Every structure is written in structure tokens, then in C-alpha cells.
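User: I should like to learn how to read the features of a protein model. Please show me the structure and guide me through it.

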Amino acid sequence: MKTMVKLDELRFELLPHPPYFPYLAPSDYWLFANMKKMHQEKKFGSNEKMIAETEAYSESKDKSFYMKDIEKLEERWNECITLEGDYVDV
């Protein structure tokens with residue numbers, strides 16, 4: 001739910017996910033890579049502690065952090081549409 005609130009706040013339009021394309025996979029996208037680095041080699045005593053740290057990290061970033069690379073997603077999206085979902089090794 002917090003994600004939807006943030007997307008609405010940033011005025012992003014939600015689009016349906018195109019056919020699978022490896023470098024559009026949300027789990028591989030820049031935001032999750034940054035979070036993986038943040039959590040690397042940390043041990044949390046509970047899910048709540050991990051969630052709290054993740055939320056604090058997300059809230060500490062300003063709008064430009066999210067805008068910069070999300071705008072690049074449009075280029076990737078258009079390329080996927082142009083290629084009609086065909087796999088391209090990048």
C-alpha cells in the first residue's frame with residue numbers, strides 16, 4: 001500500500017507489465033539492487049526490523065532519487081514494445 005501512495009505522490013501512471021524482458025524485471029531493476037546492497041551481510045532479528053530499516057531507507061531518499069532511473073524505464077519499456085517481447089541479450 002505504501003508503494004501505491006508513493007507512486008501516486010510522484011504522479012506516476014501505472015502501466016501493465018509488457019511481455020517478459022530480462023532487464024525490465026522489477027527484481028533486477030535499480031531500486032531493488034540498491035536495497036540488496038543496503039541489506040548485504042546484515043542479519044535482522046525479525047521481519048519487522050528488516051521492514052523498518054527498508055522503510056527508513058526509502059523515506060530518506062528524495063524525489064530525484066526515484067525520478068532519475070524510473071524515467072529510464074520508459075526507454076526500456078518502448079524497446080520491449082518495439083521488439084514485441086523478443087529476448088535481446090543486454
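User: How much area does the protein expose, and what share of it do carbon and sulfur atoms supply?

Analyst: The protein exposes about 7200 Å², and carbon and sulfur atoms supply 55% of that area; accessible areas come from the Shrake-Rupley method with a 1.4 Å probe, and for residues only the protein chains shown count as cover. This is a predicted model, in which local features need pLDDT of at least 70 and side-chain atom pairs count only at pLDDT 80 or more, while totals for chains, interfaces and linings use all residues. Residues are numbered from 1 along each chain as its sequence is written, and side-chain values use heavy atoms, with hydrogens and water left out.

User: How many helices and strands are there in the protein?

Analyst: Helices (H or I, at least four residues) and strands (E, at least two) are DSSP runs, numbered from the N terminus. The protein has 4 helices and 0 strands, in the order α-α-α-α along the sequence.

User: Which residues of α4 are buried, and which are exposed on its other side?

Analyst: An α-helix has 3.6 residues a turn, so residues three or four places apart point the same way. Buried means under 20% relative accessible area, exposed over 50%, and partly exposed in between (1.4 Å probe, protein chains only). In α4, Phe-65, Tyr-66, Asp-69, Trp-77 and Cys-80 are buried. Seen down the axis of α4, these buried residues fall within an arc of 120°, so they line one face of the helix; the arc is that of the directions from the helix axis to the C-beta atoms. On the other side of α4, Lys-68, Glu-74, Glu-75 and Thr-82 are exposed.
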